[in-house]
Amino acid sequence: MKALWLEGQATVQGIRDGLLPDRPLAYTTVMTVMDRLARKGAVTREKIGRAHLYSPLVSEDVIRERALNRLIDDFFQGAPQQLRQYLDRAVAGSPKTAVSDRPSTNKARRARVHPPKEEEIDMRMDASLL
């Protein structure tokens with residue numbers, strides 16, 4: 001969608017060309033994603049010769065708002081102020097949550113699964129259609 005928002009409208013090849021520097025994807029992969037977005041109503045598709053010309057039906061702001069609301073619902077119990085507090089702590093250099101500060105029993109400590117170290121986390125995780 002980022003490539004399509006940038007261009008305003010494009011063919012599969014145009015979208016693929018816009019993605020190539022960052023994400024070298026097969027033509028058929030981009031075509032499949034665009035077909036799915038068209039079926040879901042996120043883009044329009046107009047046949048031009050042998051190709052389809054795609055245009056976004058949903059703005060970047062609408063998608064950003066939906067993603068942010070989902071993040072707040074999934075990780076902050078639907079409370080935007082909890083996200084704000086988390087971001088304030090992260091900016092201050094202390095991203096620990098109240099859960100990790102709670103005292104725990106020895107049994108709970110032994111059973112705790114330790115999260116991967118920061119350098120072990122794949123930081124390329126993203127919203128795949130954005």
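Trainee: Let's start with the strands: which residue is the bridge partner of Ile48 in β2?

Mentor: In this predicted model, Ile48 has Ala51 of β2 as its bridge partner. Likewise, Arg45 is bridged to Tyr54 in β2.

Trainee: What makes β1 and β2 a pair?

Mentor: Two strands pair if at least two bridges are found between them. Strand β1 (residues 43-48) and strand β2 (residues 51-56) have six bridges, in the antiparallel sense, so they count as paired. Their hairpin has two residues between the strands, and Gly49 there takes a positive phi near 65 degrees.

Trainee: Good, now the helices. Why is α2 called roughly perpendicular to α3?

Mentor: The axes of α2 (residues 12-19) and α3 (residues 27-40) cross at roughly 115 degrees and come within 9 Å. Angles of 65 to 115 degrees count as roughly perpendicular, and that makes α2 roughly perpendicular to α3. The crossing of α2 past α3 is right-handed.

Trainee: Which residues of α2 and α3 meet there?

Mentor: From α2 come Val12, Gln13, Ile15, Arg16 and Leu19, and they meet Tyr27, Val30, Met31 and Met34 of α3. By class, this contact of α2 with α3 has seven nonpolar residues, one polar and one charged.

Trainee: Why does the end-to-end distance of α4 agree with its number of residues?

Mentor: Helix α4 (residues 60-75) has 16 residues and should span 22 Å at 1.5 Å a residue; its end C-alpha atoms are 22 Å apart, so the two agree. After α4 comes Gln77, with a positive phi near 50 degrees.

Trainee: And what span does α5 reach?

Mentor: The 13 residues of α5 (residues 80-92) reach 18 Å from first C-alpha to last, close to the 18 Å expected at 1.5 Å a residue. Just after α5, Gly93 has a positive phi of about 95 degrees.

Note on methods. Residues are numbered from 1 along each chain as its sequence is written. This is a predicted model: local features need pLDDT of at least 70, side-chain atom pairs count only at pLDDT 80 or more; totals for chains, interfaces and linings use all residues. Side-chain values use heavy atoms; hydrogens and water are left out. Axes are lines fitted to C-alpha atoms, for helices over the stretch in contact, and angles run from 0 to 180 degrees between N-to-C directions. Helices (H or I, at least four residues) and strands (E, at least two) are DSSP runs, numbered from the N terminus. Angles under 35 degrees count as roughly parallel, over 145 as roughly antiparallel, 65 to 115 as roughly perpendicular and the rest as oblique. A crossing is left-handed if the near helix is turned anticlockwise from the far one by less than a right angle, and right-handed if clockwise. Contact means heavy atoms within 4.5 Å. Ala, Val, Leu, Ile, Met, Phe, Trp, Tyr, Cys and Pro count as nonpolar, Asp, Glu, Lys and Arg as charged, and the others, Gly among them, as polar. The expected span of a helix is 1.5 Å times one less than its number of residues.
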